[in-house]
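Reader: Could you walk me through this model, one question at a time?

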Amino acid sequence: MSRYLIRRILRGLLTIFISVSLTFFIVRAMPSDPVSLMVSPQMTPEAQQAMIEAYGLDQPLLVQYGKFLVQLFQGNLGTSFSKHIPVTEYLLQRLPWTLMLLGAVIVLVLGIGIPVGVFAARHRGKWGDRVVSVMVTLGISVFIPFISFLLLYLFAFRFKVMPTGGAYTPPKGEGLSYVLDVAKHLVLPTVALAVTNLANAVMYTRNGMIDVLHEDYIRTAYSKGNNEKQVILHHALKNAMIPTVTVIGLQIGVMVGGAVVTETVFSWPGVGRLIYDAVNALDYPVLQGAFLLLAVAVVVMNLITDLVVAWLDPRIKLGGK
Amino acid sequence: MKYKRVLSALLAVAMGVSMAACGGSSESGSTSASSAVSTSQEASAPGVGGTLTVGLNANPVSSNIWVQNDLNSSVIMNLVCPNLVTMDETGNKYGYLAEATSNEDCTQWTITLKDLYWNDGTPVTAEDVAFSTTYGVEHQIGFFDSYYGHVASTEVVDDKTVIFNLESADVNFFNGGFYWIPIMRKSEFESVTDPLNYIYSGAGYGPYYVDEWVDGQYVSLKRNPYFTQANDGQGAYLDNILFRVYTDENAMVLALENGEIDVCANYISANSQTQLAANEKYLLTTVDGLGYGQLSYSQTNALLQDVNMRQAISMCIDREALVAVGMNGEATAMYTPISPVYQDFVASNIQQPAFDTAAAKSLLESNGYADTDGDGILESADGTKASFTVSYKTSIQNVDNVMEILRTGAAQAGIELKLEPLDASTYSAKVTNGQTFDISYSIWGTIDDVDTTLYTCYGIGQTLNFMQYNNEEMDNLLIAMKSEPDRAKRIEMLDQWQQLWVDNMPSAMTYVPKQTYVANTEKFAGFSAVLGNCGYLNCAQAIGIYAK
């Protein structure tokens, strides 16, 4: 187990290293630089040169890369070109909002997706299962900006029961009223972001459960006198959850990097909107920091997913032995 | 089958609702295009009080406006640290918070501040003004060197008066830097060694100061009680202005409609205007932008070195179609070489070649061009086809329609325009930096002080002369204008330059994009907008907004 963990962590670190290196070169392969976006008739060539030097862009690419790696090993992600604050600080300002959105999505996905998936599997081929299947198909194929604007139009504009954007109504309140205000702002982006993930959770749980319900040990459980509820909860669900956990685990990793579209439409101040702003401003350090965060999240979630799957199914031996 | 029908109906309803939400309303309605305050704004006598909530379409980056020039930060900070110079509705600049005089040859400028106070009650002094210019140049901040790099010395005469001695004549010294760069507070910045990474306190000498700046969410401004340059000494009417960020325009318009915000800081699209125009509580004001569309002919292309070819292409520009069809009426046709926004400079009405594709073709044919292979494209005497690539940014409003109109017009004259849409970065690399293009199409952001700024665009070897145009006669006129103190004489010289420009057509102008701003007048009145990028929130106008 410990050898497996060490091996996985080392492989994860290698993945992160390759990812941040690729990010470093890809953002610089873009055919322009931040300074050229700021050029205006009023700026002298000397001022432009000063700006290039201030951003460290006058150095050869490999020198920039070397400096970047040294800083990275020191835990320094550099300074934002546009905001002029340390990238780590910038990311840490935004990360809690993304984690909050992510947490709400996970609660929604697990709280609704698994019971609905089990329900559909138990009623396979019947009316309830068909409705669920249609909803799953819609959920998987829906275009997120479409559902986002639909939600905004209905609940923010037509019924006026939800706010249009932001994380809370300024100025920032205190106590319970603040918590409730944030919760209210959280609803629409959570629903918009959860739709696809929820559909996936339902689909994988349903299909997993259908497979498991045909296993011999389930028949054995019934023959021992267990009722349907006991069989599903104590014998079937754990095994049926393996594909669901795998898929959700990977999705969570990606979502930490930011739900760019959702956060942009709902003006949610998370990492996704930070990436959107950073792309527009060609803010290399912020982009590098955000993609590092994404790489770490994916690697960590992969590891956690493997551990959870191994816990769910003891037949799976970590390390393949 | 029954399920499918129900599902189809639900989908149709959902799509319809969503289209409406996305601004694609089919409701017809004309957009108000007036700079006057509408009747819906009329209300009881204005008084102090109220919080105006404003929507921004992007995250304002920083209150350190001296090093950061994003539009939304500028909109906010123009209320906190306004520029001493502003612009009126005819495109003329005037001293808003200071007055200036110069000596005869414009090498010495005396600037006198009006009564201005920081929000803690301490006065803004001539020391602050002098400090700002020297500090910015010393620390190589943004545009400081362009505007103040030629300042030889400054003399603080008294608390409100400062004299700038220049190394060379500059007729637009006051109108230039003081229109773009606000005053820095000496007591705050004199100890700052790294202004690039400095977080500004938010102190203001304008009608407001920064109370709270929460990145990515909102900015709260409070009324500066010591600001007296408005409303007969009362200062601004509004107690607070709250800026909220909506990164999607459709979401911002919905926020306006459901009352979350009272006004949009940024101009809105034609679709959004249509959506709002039918409701009279929304005041829509349209102003011309300070930039314009321009086709630039690269002198690295042999055919484009031929003035006849440049003239011919310029005769293929159907400006009426560009405005009416290409821009859905959201632009003003530009027939003069200089934007019609600057009324004094286009009074001579020197015009670009008129739209006439037949005449364009005749011009080329009479100068040796012919379609020898019958493909509809003319060839020069050496067999080179009159075929050019037009590079342009995809981010330009309605650019596909505009390009198609240009391409069609040129085709009628036997000139092939191959369209090359590029993202902003690639465009910069290819056109402004790389200068490896045939023809480029761009929308200038702001070209002000045209009598001196044009040199940057057309002067030999100048930064923005990326078409590499080289005409000494025109160059000499531009250089002479920079040191001619008499404005009437400068206008005369500019007329000469415009005539030379029309004769040579180094580039061609298309239209001035319009900018339409919107405000909800249910709770607030006093909205008006002038030229510039701040819409209703330009400081000199925003101080007139009050709660009903």
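Author: Happily, and let's begin with a sheet in chain B. Five strands there form an open sheet of mixed pairing, where strands are DSSP runs of E, at least two residues long, helices are runs of H or I, at least four long, and both are numbered from the N terminus. Two strands pair if DSSP finds at least two bridges between them. The strand order in chain B is β16-β15-β17-β13-β18.

Reader: Before we go on, what kind of model is this, and how are residues and chains labelled?
Author: This is a predicted model, in which local features need pLDDT of at least 70 and side-chain atom pairs count only at pLDDT 80 or more, while totals for chains, interfaces and linings use all residues. Residues are numbered from 1 along each chain as its sequence is written, and chains are lettered from A and ligands numbered from 1 in the order in which they are written.

Reader: Which strands stand at the edges of the five-stranded sheet in chain B?
Author: An edge strand here has a single partner, so one side of it is left without a neighbour in the sheet. The twist averages 20° from one strand to the next; axes are lines fitted to C-alpha atoms, for helices over the stretch in contact, and angles run from 0 to 180 degrees between N-to-C directions. The strands at the edges are β16 (416-422) and β18 (507-509) of chain B.

Reader: What is the bridge partner of Ser296(B) in β17(B)?
Author: Strand β13 (residues 293-297) of chain B pairs with β17 (residues 439-443) of chain B in the antiparallel sense, over five bridges. In β17(B), the partner of Ser296(B) is Ser440(B).

Reader: Which helix lies across β15, β16 and β17 of chain B?
Author: Helix α12 (residues 399-412) of chain B lies across β15 (387-393) and β16, at about 165° to β16(B). The helix you ask about runs at about 130° to β15(B). Its buried residues include Tyr427(B) and Val431(B), where buried means that 20 or more other C-beta atoms, placed from the backbone, lie within 10 Å of the residue's own (exposed is 12 or fewer, partly exposed in between). The helix is α13 (residues 424-433) of chain B.

Reader: What is the strand order of the four-stranded open sheet in chain B?
Author: The pairing in this sheet is antiparallel. Strands β4 (98-102) and β6 (151-156) of chain B each have a single partner strand, so one side of each is left without a neighbour. Five bridges join β6(B) to β7 (residues 161-166) of chain B, with Val156(B) partnered by Val162(B). The order is β4-β5-β7-β6.

Reader: Which helix lies across β4, β5 and β7 of chain B?
Author: Helix α3 (residues 126-138) of chain B packs on the sheet too, touching β5 (108-113), β6 and β7 and making about 165° with β6(B). The helix across β4, β5 and β7 runs at about 45° to β5(B). That helix is α5 (residues 173-180) of chain B.

Reader: Which residue in the turn between β8(B) and β9(B) has a positive phi?
Author: Strand β8 (residues 208-214) of chain B is joined to β9(B) by six bridges and runs antiparallel to it. Five of the six residues of β9 (residues 218-223) of chain B are buried. The hairpin of β8(B) and β9(B) has three residues between its strands, and the phi in question is about 80°. The residue is Gly216(B).

Reader: What is the bridge partner of Leu221(B) in β10(B)?
Author: On the β8(B) side, Leu221(B) is the bridge partner of Val210(B). β9(B) also pairs with β10 (residues 240-245) of chain B, in the antiparallel sense over five bridges. In β10(B), the partner of Leu221(B) is Ile241(B).

Reader: What is the radius of gyration of chain B?
Author: Chain B comes to 17 helices and 21 strands. The globule rule (2.2 Å times the number of residues to the power 0.38, with the radius taken over C-alpha atoms) gives 24 Å for 548 residues, and the chain's value is close to that, so chain B is as compact as a globular protein of that length. Its radius of gyration is 26 Å.

Reader: Turning to chain A, how many of the ten residues of α12(A) are buried?
Author: Helix α12 (residues 271-280) of chain A is mostly covered. Its buried residues include Arg273(A) and Asp277(A). The number buried is seven.

Methods:
Contact = placed C-beta atoms within 7 Å.
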